[in-house]
Amino acid sequence: MNAAELSAALLGERERTLVMGVVNVTPDSFSDGGEWFEQDAAVAHGREVLAAGADIVDVGGESTRPGAERPSVEEELRRVVPVVTALAAEGAVISVDTMRAAVARAAVDAGATIVNDVSGGLADPGMVPWVAADRLPFIAMHWRGHSTSMQSRAHYDDVVDDVCRELAERRDALLRGGIEAHNLVLDPGLGFAKNADHNWALMAALPALHDLGHPVLLGASRKTFLGRLGRGADEAPRPAAERDVETTATSVMAAMAGLWCVRVHDVASTVRALSVVQAALDHAPADLPDHLEDTD
Ligand code: PMM
């Protein structure tokens, strides 16, 4: 199977929760402090992510940390394309984490086979027509605006209802725009225009996301709401690199809820934790909850 066939097969995967490993090629990503900014280091990190058992490597060149300024298109291309090229040459299934059609297109030319757009196609009007024409798998996240202003948009009547309704509207628009239903993945967008209480409410309602009718990806890894656990209100959150135990717990919750994929920085801990969930599910009685039944 080539990478495109493999990513199509992964889209249909329902037997276990997949693991997407993050490779951020940014100087200011909140989660790894720019540790992987140099492209060689990013490629080496991508290899580690694959060796640790990631099903998909997510390569991104724009930090979406709250308040982050956007890089130019040229700079984003410079960061992303060589890393995608190098990892694709090794047979990896690669998603490109970008809101720009030009970057997505260059990354796909370089070997990426999935587009992960945190804006769900809202940031760049060129994105959806092109993804639809190329019949690519598309991950659409719940999004209310760019990082510079998103925290001022963190207002909801009922965050679970509101996020599900807005995601359903986005889903409908994307399908109308020509993206094929079997190629569409949805994501509640933890941390994007959401405070810690909003994120926890969504974590508590993960099974409700199945009602959207599409595979669901969860990106909780190393986010600040996890770093605040066990810290006083006046204390700084735990540093991003020290949030992997909490991240792993979110991955287990996602797998128990039957989600399609988790996007994580520390792949090894999540792969091991998900093997625990899988072993238990393999021994479960036949009358599984609906979301764990074979849907084919
Ligand atoms: N979070 C970040 C970046 N890309 N993509 C999806 N689909 N879902 C997410 O939650 C998500 C994402 C921000 O996290 P990072 O800077 O640690 O990569």
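**Group meeting: a walk through the core**

Let's start with Leu218. Leaving out residues up to four places away in sequence, Leu218 touches Pro188, Leu190, Met203, Leu206, Thr250, Ala254, Leu259, Cys261, Val262 and Arg263. Keep in mind that this is a predicted model.

Now zoom out. Leu218 belongs to the largest nonpolar core, which has 71 residues. Leu218 is among those with the most contacts inside that core, along with Val59, Val115 and Phe138. Which helix gives this core its largest share? Helix α6, residues 159–176, with seven residues. Another core lies apart from this one. That other core has twelve residues, including Leu11, Val185, Leu217 and Trp260.

Next, a polar group. Find Asp58 in strand β2. Is Asp58 buried or exposed? Asp58 is buried, because its relative accessible area is 0%, and the limit for buried is under 20%. What does Asp58 contact, beyond its neighbours within four places in sequence? The list is Met20, Gly21, Val22, Val23, Ser95, Val96, Asp97, Asn116 and Arg263. Two of those names come back now. The side chains of Asp58 and Ser95 are joined by a polar contact of 2.6 Å. The side chains of Asp58 and Asn116 are joined by a polar contact of 3.2 Å.

So on to Asn116. Asn116 sits in strand β4, residues 114–117. Asn116 is buried too, with a relative accessible area of 4%. Not counting residues up to four places away in sequence, Asn116 touches Asp58, Ser95, Val96, Asp97, Thr98, Ile139 and Arg263. Here is a pair to find on the screen: Asn116 and Met141. They are 25 residues apart in sequence. In space, their C-alpha atoms are 8.2 Å apart.

Now a helix. Take α3, residues 73–88. What span should its 16 residues have, at 1.5 Å a residue? The expected span is 22 Å. The end C-alpha atoms are 21 Å apart, which agrees. Which residues of α3 are buried? They are Glu76, Arg79, Val80, Val83, Val84 and Leu87. These buried residues pack against two helices and three strands by name: α2 (39–51), α4 (101–109), β1 (18–24), β2 (56–60) and β3 (94–97). Remember β2: that strand holds Asp58.

On to aromatic rings. How many aromatic pairs are there? The count is one. The pair is Trp200 with Phe225. Their ring centres are 4.8 Å apart and their planes stand at 70°, so the pair is edge-to-face. Trp200 lies in helix α7, residues 196–203, and Phe225 lies in helix α8, residues 224–227. The pair therefore ties together parts that are 25 residues apart in sequence. Trp200 is partly exposed, at 30% relative accessibility. Phe225 is buried, at 5%.

Last, the cysteines. A disulfide is a covalent bond between the sulfur atoms of two cysteines. How many disulfides does the model have? The count is zero. Cys164 is in no disulfide, and the nearest cysteine sulfur, that of Cys261, is 19 Å away. Why does that rule the pair out? Because a disulfide needs the two sulfur atoms within 2.5 Å. Cys261 is likewise in no disulfide. Cys164 is buried, with a relative accessible area of 15%. Cys261 counts as buried at 0%. And Cys261 takes us back to the start: Leu218 touches it.

Technical notes:
Residues are numbered from 1 along each chain as its sequence is written. This is a predicted model: local features need pLDDT of at least 70, side-chain atom pairs count only at pLDDT 80 or more; totals for chains, interfaces and linings use all residues. Side-chain values use heavy atoms; hydrogens and water are left out. Buried means under 20% relative accessible area, exposed over 50%, partly exposed in between (1.4 Å probe, protein chains only). Helices (H or I, at least four residues) and strands (E, at least two) are DSSP runs, numbered from the N terminus. The expected span of a helix is 1.5 Å times one less than its number of residues. Contact means heavy atoms within 4.5 Å. A nonpolar core is a set of buried Ala, Val, Leu, Ile, Met, Phe, Trp, Tyr and Cys residues joined through side-chain atoms within 4.5 Å. A polar contact is a pair of N or O atoms within 3.5 Å; within protein, one must be able to donate a hydrogen and the other to accept it, and residues adjacent in sequence count only if both atoms are side-chain atoms. Rings of Phe, Tyr and Trp (its six-membered ring) pair if their centres lie within 6.5 Å; planes under 30 degrees apart count as stacked, over 60 as edge-to-face and the rest as tilted.
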